Amino acid sequence: MISLSEGIAVDAAHSTKNRKTEFRGVDLKTGKILFYQDLGNQTINIGEFLAIVEAVKYIIDHDYQPKIIFSDSITAISWFKNKRTASGKRNPKLMKAEIYLRAIAYWIDEIEIVHWNNSKWGEIPADFGNK
């Protein structure tokens, strides 16, 4: 059984009013924000996908344990598993993320991606609370 108290939770938020998409990753054990990025005006799916990729980088760069990432975005998880987005938007960050995932595919297989079930477990701890 998967523990909901260990791993990295990621989430993204998009404000159409402010034309701003941002994401962050939170350590479930400590509640500490491990990374944050403002992407400018993108889509929520792009933000969710890039958050997962950033969590992968964090796990590899810091030898983070356990190698588990939680995301509440089924679309972003699917893009991650395919190592390719289905976004019509082409931008340098997306292209770099796709190349990165293909380049380190061997190490990615060790990382578990889990869909965070908001209806069962409540909001993901990385949530921005903008709803």
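User: Where is the place of R19 in this model?

Analyst: R19 lies in the loop between β1 and β2. Bear in mind that this is a predicted model.

User: And what makes the phi of R19 worth a look?

Analyst: Its value: phi of R19 is near 50°, which is positive in a residue other than glycine. R19 belongs to the hairpin of β1 and β2, with 4 residues between the strands.

User: Why is R19 called exposed?

Analyst: R19 has a relative accessible area of 56%, and the label applies over 50%. So R19 counts as exposed.

User: Which residue just after α1 takes a positive phi?

Analyst: That's D63, with phi of about 45°, although D63 is not a glycine. D63 is in the loop between α1 and β4.

User: What makes D63 buried or exposed?

Analyst: Set 53% relative accessible area against the cut-off, over 50% for exposed. D63 is therefore exposed.

User: What kind of peptide bond joins Q65 and P66, and how do you know?

Analyst: A cis one, going by omega, which is about -5°. P66 is also found in the loop between α1 and β4.

User: On to the sheet. How do you know that β1 and β2 count as paired?

Analyst: Pairing takes at least two bridges, and 8 bridges join β1 to β2, so the two qualify. They run antiparallel, with I8 opposite D27 in β2.

User: What about β2 and β3, what makes them a pair?

Analyst: They have 6 bridges in the antiparallel sense, against a minimum of two. E22 stands opposite D38 in β3. β2 and β3 form a hairpin too, with 5 residues between them, and G31 in the turn has a positive phi of about 80°.

User: Why is the pairing in the sheet called mixed?

Analyst: The 5 strands form an open sheet in the order β3-β2-β1-β4-β5. β1 and β2 are antiparallel, while β4 (residues 68-71) and β5 pair in the parallel sense over 4 bridges. In that parallel pair, I69 stands opposite I113 in β5. With both senses present, the pairing is mixed.

User: What makes β3 and β5 edge strands?

Analyst: β3 (33-40) and β5 (112-115) each pair on one side only. Neighbouring strands of the sheet are turned by 20° against each other on average, direction ignored.

User: What makes β2 mostly covered?

Analyst: 7 of its 8 residues are buried, meaning under 20% relative accessible area.

User: How do you know that α1 spans about what a helix should?

Analyst: α1 has 19 residues and reaches 27 Å from its first C-alpha to its last, close to the 27 Å expected at 1.5 Å a residue. Its buried residues include F49, L50, V53 and V56.

User: Why are α1 and α3 called oblique to each other?

Analyst: The axes of α1 and α3 (residues 92-103) cross at roughly 45° and come within 11 Å. Under 35 degrees would be roughly parallel, and roughly perpendicular starts at 65. The angle falls in between, so the two helices are oblique. The crossing is left-handed.

User: Which residues of α1 and α3 make the contact?

Analyst: Among them are I46, F49, L50 and V53 of α1, and L94, A97, Y100 and L101 of α3.

Note on methods
Residues are numbered from 1 along each chain as its sequence is written. This is a predicted model: local features need pLDDT of at least 70, side-chain atom pairs count only at pLDDT 80 or more; totals for chains, interfaces and linings use all residues. Side-chain values use heavy atoms; hydrogens and water are left out. Axes are lines fitted to C-alpha atoms, for helices over the stretch in contact, and angles run from 0 to 180 degrees between N-to-C directions. The expected span of a helix is 1.5 Å times one less than its number of residues. Buried means under 20% relative accessible area, exposed over 50%, partly exposed in between (1.4 Å probe, protein chains only). Angles under 35 degrees count as roughly parallel, over 145 as roughly antiparallel, 65 to 115 as roughly perpendicular and the rest as oblique. A crossing is left-handed if the near helix is turned anticlockwise from the far one by less than a right angle, and right-handed if clockwise. Contact means heavy atoms within 4.5 Å.
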